[in-house]
Amino acid sequence: MQRSHIRRVLGTLIAVTAAVALAACGSSSSSSSTSSSAASPSSSSQSSSSGAAAQPGTGKPPIVMGDKNFDEEYVLGDLYQQALAAKGYKVTLKANIGSSEIIYKALQSGQIQMYPEYTGTLLTAIAGDNNPPKSAAQTYQLANAFVKKHGFVLLNQTPFFDADGLASTKAYAKAHGLTTIPDLKKLSTIKYGAPAENRTRYDGLVGLKKVYGLNNLSFVPLAEGLNYKALDSGQVQVATIFTTDPQLQSGKYTVLTDTKKLFGFQNVAPVVKQSLVTAEGPAFTTTLNKVSALLTLPAIIKMNAAVQLDQQSPSKVAHAFLAANGLA
């Protein structure tokens, strides 16, 4: 999945993110967390709540959690980590581990015991199932069935739905009559920007060629967070985006309709080692599910905007959200 870090957008988003900043400043953190790479476990951070011995996490085994390599994942990682820490669980958060292919290997090898994943990406990039599911529920069921075979389980998925998409600047789309992904076939060579792993993914360049017949795409690898900058500068004409990107609220970009549903359904669910679920007790699962249940589309877009547009730290944004909902 791909993310971006660009400029401030609509006034409404500015007002919302300002409110998040105020909430963060007015709340005292019950846990702390810093980012670390999976390659540097010695620099990972451990957090725990200062609560009394009566807390459900007190005395339970320590937890090692990871998250992937873009802003929304950083927010998700902090949300789950801080909520658990507030219940007395000892949680090490290893942030910015990498793409789904990389972080799932870290899960398999035991470097981490859980991480937040997108159900559709788990199904395609990890399970290798390229048959498009008919619904978000079916996507979750298939993904959960896959991880259970390997000793893991998916906890409840979020209400918010995210997905990859293709976008161009509105000016480029208007000049070339682009409204859907199939419209790209009428152009000659198109510079297509995306993170490196997109080149080999079915819900990326592979599928765009196979499903849509877009053999006119010239792949331009982009570092995470540079897709909108690449579009604005003309480095690429089309780039991958996420449908929860706050930049899309600016009106500067056109998201091309995925008429054949290549990008599938992308709700988020924590992937957790089954033995960890058993060892940590019922409050562990309950706490994580409570966080997931709060993550509606407006909520995640507001938090993404606070991080990507207003440059607030994911940790502070997550704490403000949890505090406002009685989970910090």
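These are my notebook entries on a predicted model of one protein chain.

**Entry 1: the whole chain**

I began with the elements of the fold and noted twelve helices and eleven strands in the chain. I then looked up burial: of the 328 residues, 55% are buried. For contacts I took pairs with a sequence separation of 6 or more, and 79% of these join residues 24 or more positions apart.

**Entry 2: the nonpolar cores**

I asked which residues touch the most other members of the largest nonpolar core. They are L79, F284 and L295, in a core that holds 37 residues. I recalled that nonpolar side chains in soluble globular proteins tend to be buried together.

I followed L295 further. Leaving out residues up to four places away in sequence, I listed its contacts as L76, L79, Y80, T158, P159, F160, M303 and F321. I also recorded a second core, separate from the largest one, with 21 residues, among them Y172, Y212, L214 and L256.

**Entry 3: the open sheet**

I turned next to a sheet of five strands, which is open and has mixed pairing. Its strand order reads β8-β7-β9-β6-β10. The edges are formed by β8 (217–221) and β10 (253–256), each of which pairs on one side only. From one strand to the next, the twist averages 40°.

I examined one pair within this sheet in detail. Strand β6, residues 164–169, pairs with β10 in the antiparallel sense, and four bridges link them. I noted one bridge by its residues: T169 has Y253 in β10 as its partner.

**Entry 4: helices α3 and α4**

How do the axes of α3 and α4 cross? I found that the axis of α3 (residues 100–109) comes within 10 Å of the axis of α4 (residues 119–126), with a crossing angle of roughly 85°. An angle of 65 to 115 degrees counts as roughly perpendicular, and the two helices are therefore roughly perpendicular to each other.

I then listed the residues that meet. On the α3 side they are S100, E101 and Y104, and on the α4 side T121, A125 and I126. By type, the residues of this contact comprise three nonpolar, two polar and one charged.

**Entry 5: the surroundings of α4**

I asked whether α4 is enclosed or open, and counted its buried residues. Seven of the eight residues are buried, so α4 is largely enclosed by the rest of the structure. I wrote the buried ones down as T119, G120, T121, L122, L123, T124 and I126.

Which elements do these residues pack against? I recorded α3, β4 (114–118), α5 (136–148), β5 (152–154), α7 (202–210) and β11 (268–273). After α4 comes G128, and I noted that its phi is positive, near 75°.

**Entry 6: two single residues**

I selected A106, which lies in helix α3. Its relative accessibility is 4%; buried means under 20%, so A106 counts as buried. Apart from residues up to four places away in sequence, A106 touches I97, Q111 and I112. I also looked up its distance to G66: the two are 40 residues apart in sequence, and their C-alpha atoms are 8.6 Å apart.

I closed with T285, which is located in helix α10 (residues 282–294). Beyond its neighbours within four places in sequence, T285 is in contact with L155 and V277. Its C-alpha atom is 9.8 Å from that of V272, a residue 13 positions away along the chain.

Conventions. Residues are numbered from 1 along each chain as its sequence is written. This is a predicted model: local features need pLDDT of at least 70, side-chain atom pairs count only at pLDDT 80 or more; totals for chains, interfaces and linings use all residues. Side-chain values use heavy atoms; hydrogens and water are left out. A nonpolar core is a set of buried Ala, Val, Leu, Ile, Met, Phe, Trp, Tyr and Cys residues joined through side-chain atoms within 4.5 Å. Buried means under 20% relative accessible area, exposed over 50%, partly exposed in between (1.4 Å probe, protein chains only). Contact means heavy atoms within 4.5 Å. Axes are lines fitted to C-alpha atoms, for helices over the stretch in contact, and angles run from 0 to 180 degrees between N-to-C directions. Angles under 35 degrees count as roughly parallel, over 145 as roughly antiparallel, 65 to 115 as roughly perpendicular and the rest as oblique. Ala, Val, Leu, Ile, Met, Phe, Trp, Tyr, Cys and Pro count as nonpolar, Asp, Glu, Lys and Arg as charged, and the others, Gly among them, as polar. Two strands pair if DSSP finds at least two bridges between them.
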